[in-house]
Amino acid sequence: MDSRAVNAGMPRTAPTTDAALYLHPQTLSRLGSMEMRARHIVEGVMSGMHRSPYQGFSVEFAQHRPYVPGDDIRHLDWKVYGRTDKLHLKQYQQETSLDLMVMVDASGSMNYGSRDFAEASGVGAATSPDGRSIWTKFDHATALAAALSYITLSQGDRVGLAIFADQVREMVARSSAQPQWRAVVGALSCTTVDRTTDVGRVIEQTLAKITNRCLLVIISDFFVELEQLRAALARVRHRRHDMIAMQVLDRQELAFDFAHASPFEGLEGESRVRIDPRAIRAAYQREIGSHVAGVERLVRSFGYDYVRVDSHDWLGPPLAAYLAQRNAQIKRSKHG
Amino acid sequence: MSFLHPILAGVGLACVAVPILIHILMRRRRAPVRWGAMKFLLAAYRRQRRRLQFEQWLLLAVRCLLVAAAALGIGGLLWGGGGETGGARPVVMFLVIDDSLASGAIDPTTGETSLERQIRAARGVAAQLNSARGDRLGILAASGPARPVLMPPTVDLPGAERVLSQMTPTDSAVDWAGAMRILGSVEASDGERRMAGLFSGWREGSLLDFSGVEAPGWLERVITSTPEETVIDNATLAAVEPMRSVVISSGVLGDEGGGLGGLDQVRVLVRRSGGWTDEPGRVDVRLSVQRGTQRVALGEGTAIFSRGGIEAWAVINADLGALASGGGVLVAECGPDGLAGDDVSRRVIELQRSLRVGLISEGGVRLPRTVLEFAPADWLRLALGPEAASSGEREIETVLIDPSGVDRGRLVGLDAVIVAQPSRLASGAWGRLRAFSDSGGLVVVFPEAGERVQRWTDDALAAFGARWRIERETHDLEGAIMREVERGAGLFSAIAGELAELARPVRVERVLGIDAESGVALRLEDGSPLVAVWRPGEDRRGLLVLFSVAMDLSWTTLPTKPFVIPLVQETIRQGVGLARGEWSEVAGSRPAAPPGAVELRPHVGGGLTLRVGPDGRTEEPVRQAGAWRAVDGAGVLVGSVVVEPDRRASQMETASAERVRGVLGGLGVEVVMLESSREGVVEREGSGQGAMLGLMPHREKWSLGLAMLTAALILAVVETLLARRVSHATVRREVAG
């Protein structure tokens, strides 16, 4: 199987056109508008409004907690204070909208792909608007982000976007307005894919912009040091955000079934080395397999969800399956 | 190992470079792959780098070896198979085979002759030649005189090998110098590699006369066989010495007409060589006489060797006098040993009823009344015929010849001539006497008894070419006696034991001074010669005997003493035999034939008939020992000729390889020594480039080629397995995680 990578740093074109390319599965031709196509992708998932896992202040009482300096004194339960001479805050169970923060990795390694663009896009286009003939991991991450944004916006929840590499390169503020989806896709389409990844720094920068608790969805290949990722997840956990780690990988990155000795050149500035792939395949597979398994283990150890996405697979079915599973888990945790 | 074919070697080396070139070319051809998960690829690469590099180098080495082995294998097959040789120069090989007497030596362990071994070795070398390349083969026989057997060299290698296998040992000694001269006469052409193979057992008998032998300048290399190491015991019959070569025979068994006791003593010299000389030993010798096809046994004797002795005599008493008159050949033989060629020795003898002696003196036939009236001729007649009083038959007939009538007609039929009055000879008589001597006659000269001044001496010396100085005048002595005998001339060898006793009563009062450096048979007390002997002819025929005293009482008391009879009788009997010559030559020479002979016919069997040339010798050299009858133009027998083995070649002592190498080093050309075996010829030792230039046995070359091809096949399998392992082509596709 041939593998190809796009030229790093190439800016992308208009979001309108790109949205159609990213979101459509093989049945795209039978669907009508863009919204209908997105809805088709998540069919079965949006069966009803979900119950928020976050405890707000507006609906029904849930419990008390001791006052700590800095708490809003408007939520003090004065009746408890009068009886016990102690300050407690009232907490409520509220059904609220979901704040989704989608973080897309735009580092150089995301520019690798081995799938034909024409086959992946499903709209008959042989190349991307910028002339690429391959479907990269970043293309797949863009499609994934667009789908998630669409679903969230369809629920009336707020969606924000952060595109990062060694730092946050572009951020779209959270909003539940309808144009938000186009803003998200537009931002992804115009992003240059290059540089290295610094997850810790990016998480730090993103969390600094978020004041309330959010669901962070990080879409990346996670080709980072596990210790760096562990520190970033610890910060997220400390801020009590929920998180879903979606690791996007190209099938060839795991199979590594090249037939001929060739020089290999890194997309993030690594040195070039000539390698006989057949000779090193087993060792390579051990390396990357160990890393992928380590990422999954690490993410799950923090109680977060981990989803591995193959850029050669269609996005709809696995995404729908995952969201259904997640929804069921939330309901079980609430009632049980 | 060196390459016979440099071009093939170059191609092989170029082929070794092919895997390297492919490796380099493959490195440059592929476009780089831009890879996302590079950090894991680099990590895997760093872990595997040393192993990968080792495997790659190992694979490259295996591939290079594979190509090299295949090239050498194919090259080996080509050499062995006589295929194309990549433009290598054709080889001209001259095989010089030692077929001398020594080559007949038989290995006691195998029963094989040295020549058979050398021919096998030579065929092994010849088998390396490639007629398709234009290789040629020439063959020379080295037994003296060396001769070309197959010249000029031919490309018909099978035919040449047949010629080689038909060679047989001769009885002559090896003639390396002659072989090299023949090689030197070959016209060398450019573009050929010229080599010579000297094949010999290299025993001492084959290392004769090698000093000064040089190889032709165009000869690139000499290949030679290894010296034989097997110890061979050999007895050589070195000589047969009858008491006289001219025997007076009565034809009656037991008759005492032989002159000295009836039976004649025949001595046979036996010489031994090889490994048995440190111990005592004995060799039995049989004696017979060959006359035409008839062989008559005469007796047997034994040569007894002491410890360390290498020569011994076998003495055989034979009644030669009982044989009928005529020519014949004495044949001595000993039992079979390691070398059969020298187990026979022959000697020509002549059997006569009587000897005819011409006595040149004035006075006619008369018998003096008193001793004082005896002239020298009278004393001589008495000494020549002492038996006349008791027997009417004379063994020595005396013919009186007047000094003025010495001509060719008077001399015909005489065996000897005694000149009792040399001053009376007519002019030119000395020349006729010289001619008589050259025909095998004996000339005995006494001084002129009645003259102080001897005027004849200059004419005599001039006619016979004797290197003597003879005084013009006689001088007196005071009772000098004979003092010693020089045995060198052999004239008085039969009476040597009794000579001193017989000579003691003899007084010499007057003498003609003779200054002779050699050839003195008897001397006087003062050392001056009494009897001097001179051989005037160049072919060991004819004899001049000069006495320094006249047979006269005024000179000496000899005529009245008993010594006179044996002295005169032995002078005539032995002198006639010596004057006749031996008619014996060694193999390898052109034998001289008796006067009048035009052809030599073998005594026995249908051997080679030899024609006699104008110079009195056979037209062709004779390399086989044997006995021939000399016949004249009418087919009448005029004598016998024997050819003896050249016993110099009989020395069976082994020579070390170092010695042979040292001797051959004088050729001035690179020498490669081979080792012969039952399977063929292998290189034992090389110099320079290791040479032999691939002249190894076919089988060995084939086996080398096959071995290399087998190695190439094994390497190919190893390469396949190694390549699959290195490339991980057999690893199943597994997806991490």
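## Reading strands, cores and single residues in a two-chain model

Modeller: In chain B, strand S26 (residues 599–602) and strand S27 run antiparallel and are joined by 2 bridges. Please keep in mind that this is a predicted model.

Biologist: Which residue stands opposite Leu600(B) in S27(B)?

Modeller: Leu610(B) occupies that place in S27(B).

Biologist: To which sheet do these strands belong, and what is its strand order?

Modeller: They belong to an open sheet of 5 strands in chain B, ordered S25-S29-S28-S26-S27, and the pairing is mixed. Its edges are formed by strand S25 (584–586) and strand S27 (610–611) of chain B, each of which pairs on one side only.

Biologist: How should I read the sheet of 6 strands in chain A?

Modeller: One begins with the order and then looks at the edges. This open sheet of chain A reads S9-S8-S4-S10-S11-S14, with mixed pairing. Strand S9 (168–175) and strand S14 (305–310) of chain A each have a single partner strand, so one side of each lacks a neighbour in the sheet. From one strand to the next, the twist averages 15°.

Biologist: In which sense do strand S11 and S14 of chain A pair, and over how many bridges?

Modeller: Strand S11 (residues 242–249) of chain A pairs with S14(A) in the parallel sense, over 6 bridges. Within that pairing, Met246(A) has Val307(A) of S14(A) as its bridge partner.

Biologist: Which helix lies across strands S4, S8 and S9 of chain A?

Modeller: That is helix H6 (residues 179–189) of chain A, which lies across strand S4 (99–105), strand S8 (158–164) and S9 of the chain. Its direction is at about 5° to S8(A).

Biologist: How many residues of strand S24 in chain B are buried?

Modeller: A residue is called buried when its relative accessible area is under 20%. For strand S24 (residues 543–547) of chain B, 5 of the 5 residues are buried, so the strand is largely enclosed by the rest of the structure. Leu543(B), Val545(B) and Phe547(B) point one way from S24(B), whereas Leu544(B) and Leu546(B) point the other way.

Biologist: With which strands does S24(B) pair, and in what sense?

Modeller: Strand S18 (residues 442–445) of chain B pairs with S24(B) in the parallel sense over 4 bridges. Strand S23 (residues 529–534) of chain B pairs with S24(B) in the antiparallel sense, also over 4 bridges. Val545(B) of S24(B) takes part in both pairings: it is the bridge partner of Val444(B), and Val533(B) stands opposite it.

Biologist: Which residues have the most contacts inside the largest nonpolar core?

Modeller: A core is read by its size and by its best-connected members. The largest one has 80 residues, and Trp430(B), Leu433(B), Trp468(B) and Ile572(B) have the most contacts inside it. Helix H11 (residues 564–580) of chain B gives the most to this core, with 6 residues. A second, separate core of 53 residues includes Ile210(A), Ala232(A), Phe258(A) and Ile280(A).

Biologist: What does Trp468(B) touch, beyond residues up to four places away in sequence?

Modeller: With those sequence neighbours left out, the residues that Trp468(B) touches include Leu461(B), Ile514(B), Asp515(B), Val533(B), Trp534(B), Leu544(B) and Leu546(B). Leu544(B) and Leu546(B) are the buried residues of S24(B) that point the other way from Val545(B).

Biologist: Is Ser262(A) buried or exposed?

Modeller: Ser262(A) lies in strand S12 (residues 262–266) of chain A. With a relative accessible area of 8%, Ser262(A) is buried. A polar atom of the Ser262(A) side chain lies 3.3 Å from the backbone oxygen of His260(A). Residues touched by Ser262(A) include Val273(A), Arg274(A) and Ile275(A) of chain A, as well as Arg30(B), Ala31(B) and Val33(B) of chain B.

Biologist: Where does Leu323(A) lie?

Modeller: Leu323(A) lies in helix H11 (residues 316–335) of chain A. Leu323(A) is buried as well, with a relative accessible area of 14%. Its C-alpha atom is separated by 9.8 Å from that of Leu148(A), although the two residues are 175 residues apart along the chain.

Biologist: How many helices and strands does each chain have?

Modeller: Chain A has 11 helices and 14 strands, while chain B has 13 helices and 31 strands. Buried residues make up 53% of the 336 residues in chain A and 53% of the 737 residues in chain B. The accessible surface is about 14,800 Å² for chain A and about 32,400 Å² for chain B.

Notes: Residues are numbered from 1 along each chain as its sequence is written. Chains are lettered from A and ligands numbered from 1 in the order in which they are written. This is a predicted model: local features need pLDDT of at least 70, side-chain atom pairs count only at pLDDT 80 or more; totals for chains, interfaces and linings use all residues. Side-chain values use heavy atoms; hydrogens and water are left out. Buried means under 20% relative accessible area, exposed over 50%, partly exposed in between (1.4 Å probe, protein chains only). Accessible areas come from the Shrake-Rupley method with a 1.4 Å probe; for residues, only the protein chains shown count as cover. Two strands pair if DSSP finds at least two bridges between them. Axes are lines fitted to C-alpha atoms, for helices over the stretch in contact, and angles run from 0 to 180 degrees between N-to-C directions. Contact means heavy atoms within 4.5 Å. A nonpolar core is a set of buried Ala, Val, Leu, Ile, Met, Phe, Trp, Tyr and Cys residues joined through side-chain atoms within 4.5 Å. A polar contact is a pair of N or O atoms within 3.5 Å; within protein, one must be able to donate a hydrogen and the other to accept it, and residues adjacent in sequence count only if both atoms are side-chain atoms.
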